[in-house]
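Open the model in your viewer and keep the selection panel at hand. The stops below are meant to be taken in order.

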Amino acid sequence: MNSVCAFTKSTLVYRCTASLLLSKIHHFPSLVQMELQRPLTVAVCQINATADRKKNFETCKSFIDIAASKQAKVVFLPECFDHVAESKNQSIELSESLDGPLMTEYKKLAVQHSLWLSLGGFHEKGPPENENKIYNSHVLVNLNGEIVSVYRKIHLFDVDIPGSVRLKESDYVIPGQEIVPPVDTPIGKVGLGICYDMRFPEFALSLTKGGAEILTYPSAFTQTTGMAHWEPLLRSRAIETQSYVIAAAQTGRHNPKRISYGHALVIDPWGCVIASCSEGEGVTCVDINPDYVRKIRKEMPVWQHRRGELYSDILPPKSQEKTSVTKYMFGPHELHPECIFYKTNHSMAFVNKKCVVPGHVLVTPIRCAKRLSDLTASEMSDLFLCVQKVQKNIEIEYKAGSSCVAIQDGPEAGQTVAHVHVHILPRKPGDFEKNDDVYVELATHDKGEDVKWRSLEEMIEEASRLKKYF
């Protein structure tokens with residue numbers, strides 16, 4: 001075992017290093033001095049985990065000890081740092097909860113060495129209602145031994161090539177449902193990802209828009225895909241987001257069925273590899289500088305040049321913090337929370353008090369904007385992405401082949417509630433004698449003294465049925 005990984009001696013690394021030095025000299029003359037003023041050390045680990053959890057822990061502990069001796073602020077461990085099982089059933093059997101004995105030991109290490117731990121790809125036991133599956137969780141622990149963030153992998157690696165290979169993570173892993181906001185750490189704002197997430201630039205851009213300066217992809221990359229895509233993907237994510245990218249890795253043969261590519265990397269926001277593990281287990285330490293991120297982004301302001309109105313805006317992760325919002329309004333009307341069946345960053349979908357056809361629902365911005373022209377670009381994009389998703393699933397629930405999607409934008413257009421809202425009406429053959437009569441009904445369905453409103457119980461029951469799609 002090599003206790004400290006050597007830098008990969010490849011032409012690519014030397015070329016990147018030379019390019020970085022030249023860029024500092026010619027384009028960023030004050031950068032070298034600036035970096036010397038604020039060195040922040042990180043450690044990236046490369047291990048060969050097996051089903052022997054005790055041995056895996058001892059390996060990781062030894063690397064954390066080395067990192068602490070190098071004054072590392074944060075230590076990054078790879079996906080499956082706890083174990084690489086020999087079967088799906090064994091993965092589930094060996095899984096633990098976040099308050100289990102293994103995580104407790106890592107919390108103690110964080111306190112002992114007064115450093116942060118990025119524990120990527122923890123096999124987290126699933127909830128009681130789904131005990132036959134697990135979460136693939138990236139856990140961030142601070143120097144006080146507290147879990148400050150948990151990201152559950154949203155992109156599952158599913159490959160099924162008949163007669164060749166079948167690797168379906170979804171067979172035993174529950175997909176996460178959110179991108180978690182970047183976390184303030186001693187080395188800057190860290191965005192949490194896991195392995196396969198690196199193939200999705202939108203994911204990286206969302207984290208960056210949320211403030212991330214460092215993107216992390218703890219991985220157990222396959223040998224075949226690693227040889228072709230590992231470094232190009234990680235460097236692309238660094239360049240397009242102008243962020244540091246840190247990717248701890250599994251390496252070598254774990255069991256007769258599984259082998260990992262290795263080559264743990266740290267890449268700077270200019271896209272240059274500044275640290276790389278060679279073959280075998282080990283840990284490498286490198287200094288990074290959040291000021292360099294800000295310098296690069298200032299000198300090349302790509303975020304200011306984005307044309308979100310042409311190709312959809314990038315939305316930041318939803319905040320996990322509790323807000324002061326205790327109620328949701330539709331114009332002057334307070335919505336019962338159980339009537340809302342889907343909610344995004346800017347929009348919400350809820351059941352209707354008076355339906356023109358079964359399944360007639362509404363989608364509206366959370367902010368009470370009166371007209372379409374009052375919406376921001378982000379709100380507009382989010383609203384219609386929400387409409388698209390709701391329409392698709394409403395048609396499934398109500399077995400409809402078409403939909404009417406309508407906006408009454410302003411009182412002269414028939415708007416009775418001064419709050420932008422989109423009507424989605426699933427349509428079936430023969431639901432109106434004349435097809436366009438639906439619009440006549442829409443214009444009058446909630447007007448007059450004899451309108452028969454649905455009961456709250458009926459509306460909550462419908463919303464409960466719809467929630468399973470979201």
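The tour goes through a sheet and its helix, the nonpolar cores, a buried strand and one arginine; the model is a predicted one.

**Stop 1: the sheet.** Select strands S8, S9, S10, S11, S14 and S15. These 6 strands form an open sheet in the order S8-S9-S10-S11-S14-S15, with mixed pairing. Strand S8 (183-185) and strand S15 (273-276) are at the edges; each has a single partner strand, so one side of each lacks a neighbour in the sheet. From one strand to the next, the twist averages 25°.

**Stop 2: one pair within the sheet.** Narrow the selection to residues 188-192, which are strand S9, and residues 214-216, which are strand S10. The two run parallel and are joined by 3 bridges. To find one of the pairings, label valine 190: its bridge partner in S10 is isoleucine 214.

**Stop 3: the helix on the sheet.** Now add residues 223-241, helix H7. Which strands does helix H7 touch? The helix packs on the sheet with contacts to S10, strand S11 (244-247), strand S14 (265-267) and S15. The direction of H7 makes about 25° with that of S14.

**Stop 4: the cores.** Show side chains for Ile187, Tyr217, Trp230, Leu234, Val266 and Ile288. The largest nonpolar core has 49 residues, and these six touch the most other members. Next select Cys45, Cys60, Leu98 and Leu109, which are among the 31 residues of a second, separate core. In soluble globular proteins, nonpolar side chains tend to be buried together.

**Stop 5: strand S3.** Select residues 116-125, strand S3. Of its 10 residues, 9 are buried, so the strand is largely enclosed by the rest of the structure. Two partners can be added:

- Strand S2 (residues 74-77) pairs with S3 in the parallel sense over 4 bridges; valine 75 has leucine 117 in S3 as its bridge partner.
- Strand S4 (residues 134-141) runs antiparallel to S3, and 7 bridges join the two; histidine 123 has asparagine 136 in S4 as its bridge partner.

**Stop 6: arginine 371.** Go to the loop between strand S21 (361-365) and helix H11 (377-397), where arginine 371 is found. Its relative accessibility is 36%, so arginine 371 counts as partly exposed. Leaving aside residues up to four places away in sequence, arginine 371 touches Asp409, Gly410 and Val420. Arginine 371 and aspartate 409 are 38 residues apart along the chain, with their C-alpha atoms separated by 6.0 Å. What joins the two side chains? A polar contact at 2.9 Å links the side chain of arginine 371 to that of aspartate 409.

Terms used:
Residues are numbered from 1 along each chain as its sequence is written. This is a predicted model: local features need pLDDT of at least 70, side-chain atom pairs count only at pLDDT 80 or more; totals for chains, interfaces and linings use all residues. Side-chain values use heavy atoms; hydrogens and water are left out. Two strands pair if DSSP finds at least two bridges between them. Axes are lines fitted to C-alpha atoms, for helices over the stretch in contact, and angles run from 0 to 180 degrees between N-to-C directions. Contact means heavy atoms within 4.5 Å. A nonpolar core is a set of buried Ala, Val, Leu, Ile, Met, Phe, Trp, Tyr and Cys residues joined through side-chain atoms within 4.5 Å. Buried means under 20% relative accessible area, exposed over 50%, partly exposed in between (1.4 Å probe, protein chains only). A polar contact is a pair of N or O atoms within 3.5 Å; within protein, one must be able to donate a hydrogen and the other to accept it, and residues adjacent in sequence count only if both atoms are side-chain atoms.
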